[in-house]
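Me: I would like to go through the openings and enclosed spaces of this model, asking at each step what justifies the word that is used.

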Amino acid sequence: MLLSRANLRTKVTLLLLALSLGPLLTSAIVNENRAVATGKAAVRERHAQAARFAAFAVSTLFEDIQRDVRMLATRFPVGALDADAISTRIEVSKGLLTEAPGADDIQVFNALHGSESRTFLALGDGRMFFAEPFHNVPQPPNLNALQWFQRLGPDGGLTLGDLAPLTQPGRPSLIVIVPLKGPDGGRVGFVGHILGQSAIDAIIGESIWIDRFSGARGEARPSVALGLITPTGVYAAHSDPRQAGRYAAPYILEHRFPGTAEVDRDGDDVVIARADVGRTRWYVVLTTPRHGAYRDVYTVIWLLTAVVVLTFIFVLLFADYLASVLLRPIEELERGAQMIGAGALDYRIELNQHSHDELGRLAGTFNNMGESLLRTRREVDAYGRHLQVANQELDAMVYAITHDLKKSLRGIEAFATFVEEDYRDRLEAEGLDMLRSIIQNVHRIEKLADDLIGLVQHERERGENVRFSLMELLREAREHCMVAHVGEVVIQPGMPELVGDRVRINLLFTNLISNGLKFNRSPRPRVEIEWSDLGAYWEIFVTDNGIGIDPRYHEHIFDLFFRLNPKDEFDGTGTGLNLCKRIVEEHRGTIELESAAGRGCRFTVRLPKDPALLTSPGVEL
Ligand code: ADP
């Protein structure tokens, strides 16, 4: 898994992050949900409030007008009213004349609502007379011809109509009507009031403004729409004046109950709020596209998200910092262990702030270990130097003794030869054989002495470690061996470069190749040298088709002076393989033998690639 490969610092950072992020995210989500829910509820409540405000203002206005008109209807002198008389006193193009009966009461009209309002009087037959303010109507309309007028109940009510002579053409007006009753209680006509459109527009504008839907007073957000709807579904007024008089959209009419809701309008959601205008069955509807209505809520969501992201970044940085602080002593321990492992045994791990805790104790243990290793290494070094001196002395002694020995041997040989030549006649055959045997043994001891001197000299002939081509070295060794032996030596191409003491490694392969050709009874002696890459090491195989070595002797084959074959068949002194082993070990490598009697030998030499390994202590393969 990816996490298992991450380093300790990443893991600790993630742990701290997980610990802190759990509660953080939970509280963020909970708070965000709560904020969204509360925010949306507040927005809907604001819509409902605006609709309620408009409905209340409209209903108050209606009630005020109705009260005034009702009062007018009760005070109007219905008893003295002679419809015919009135009608005769109306002058076409001048309207109602002041001599009308009950003219004093007509003054009441003046108190009615605003200059744009018009109060009128209509008789039972539908003929309409205008009272206040004076209005010049060439042809008074007959109200009975208007359906909505006929439908009015006994107490009158509200209605929406288009009284062209009185109102702006094409724009319906709100009309409040109260029945005018005769002395017998029967209805003889109506008193009506046409409401100035500007009054309703002002209410709508105010309702939108009061709810802070607008940037500046009076400028509603274009997305917010507020309309006053009649029981028949027509807009009596609207924040967009073009809508006045039109039927409201079905999705608005379907919303029948007061309060707010979210409605899907052709895939585009709107928030809709409805409030009833008293008990008139008229109502106010406010609509806003949802994204516009909840704009502030979404702003809050973004803000909260930004806060969460910033908090996350902060927690991440802080967790990383904390992890680095927590892991600093462990990193120091790791560095110390690496330094001590790499051989800097005098390195000391300093964890002063942790002197009393587990880490401090661990650092102390490492330091003690380093000290004890350093002591041991000093002892080993001293012992090594001592050993080196002893070896050199021993070599010098062997060299001197062998020289003296050779001198004495030459004397013995000279005397033996002299006796053999000069006293041949006087000696019996047995004596002569003994003499020859003495001379032969002397030769053998001389050869041994030469080998010993050779060994000591080889020890002295150590060179520097250099990089060299193994191919070239093997070619030289082959040439050297072919002088004394017959057969063929095949070298696999692509031999690597080696680092080491070239002279000693030459000796190593010369010995192995010459042994392969020497201990060989095959008609075509053959030695093959191959290589392979073993990662940190090169492997070189020297294989022959010679007499092979019985596995019983493999254990001793690298011992000094160990020989297997009779001297007269294969000469030698048993020092070659021992030298090979020593050279390989000097280079921190190994040498192994695979063989069976009569099946040839295969020597495997492993030498390190990295020159640093040549000087580092103890390498295990
Ligand atoms: P030397 O060659 O001087 O006898 P070495 O140390 O080289 O001494 O070899 C020791 C003995 O190991 C040899 O006497 C021989 O019997 C045996 N030996 C070494 N190399 C081979 C080989 N390639 N094939 C068979 N026997 C070997």
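Reply: A pocket, as the word is used here, is an open set of grid points with protein on both sides within 12 Å along at least five of seven lines, and its volume is the space filled by probe spheres set on the points. In this predicted model, the second largest pocket has a volume of about 1,100 Å³. Of the 44 residues lining this pocket, Asn511, Ser514, Asn515, Lys518 and Gly576 are the closest to its centre.

Me: Which elements give two or more residues to the lining of the second largest pocket, and what is the largest share?

Reply: The elements are α11 (429-460), α12 (470-484), α13, α14 and β17, and the largest share, nine residues, comes from α13. By class, the lining has 17 nonpolar, 19 polar and eight charged residues.

Me: How do you know which pocket the ligand takes up?

Reply: A molecule sits in a pocket if more than half of its atoms lie within 2 Å of the grid points, and the space taken by the ligand is the second largest pocket.

Me: What makes a residue part of the shell around the ligand, and which residues come nearest?

Reply: A residue counts as near if one of its heavy atoms lies within 4 Å of the molecule; there are 20 residues around the ligand, and Asn515, Asp544, Asn565, Thr573 and Leu577 come nearest. Helices α13 (502-518) and α14 (576-586) each supply at least two residues of this shell, with the largest share, three residues, coming from α13.

Me: Why is the pair formed by the ligand and Asp544 called a polar contact?

Reply: The term requires a pair of N or O atoms within 3.5 Å; a nitrogen atom of the ligand is 3.0 Å from an N or O atom in the side chain of Asp544, so this pair qualifies. An oxygen atom of the ligand is 3.0 Å from a polar backbone atom of Gly574, and an oxygen atom of the ligand is 3.4 Å from a polar backbone atom of Leu564. Taken alone the ligand exposes 530 Å², of which the protein buries 97%.

Me: What makes a space a cavity, and how many cavities of 30 Å³ or more are there?

Reply: A cavity is a set of points where a 1.4 Å probe fits but cannot get out, and by this rule there are two cavities of 30 Å³ or more. The second largest cavity, with a volume of about 30 Å³, is lined by Leu498, Val499, Ile505, His587, Leu607 and Pro608.

Definitions and conventions: Residues numbered from 1 in each chain as written. Predicted model: local features only at pLDDT ≥ 70, side-chain atom pairs only at ≥ 80, totals over all residues. Heavy atoms only, no water. 1 Å grid on protein atoms, 1.4 Å probe; cavity = no way out; pocket = protein on both sides within 12 Å on 5 of 7 lines; lining within 4 Å. Polar contact = N/O pair within 3.5 Å; in protein donor to acceptor, adjacent residues only side chain to side chain. Areas by Shrake-Rupley, 256 points an atom, 1.4 Å probe, with all protein chains shown as cover. Helix = DSSP H or I, 4+ residues; strand = E, 2+ residues; numbered from the N terminus. Nonpolar A, V, L, I, M, F, W, Y, C, P; charged D, E, K, R; others polar.
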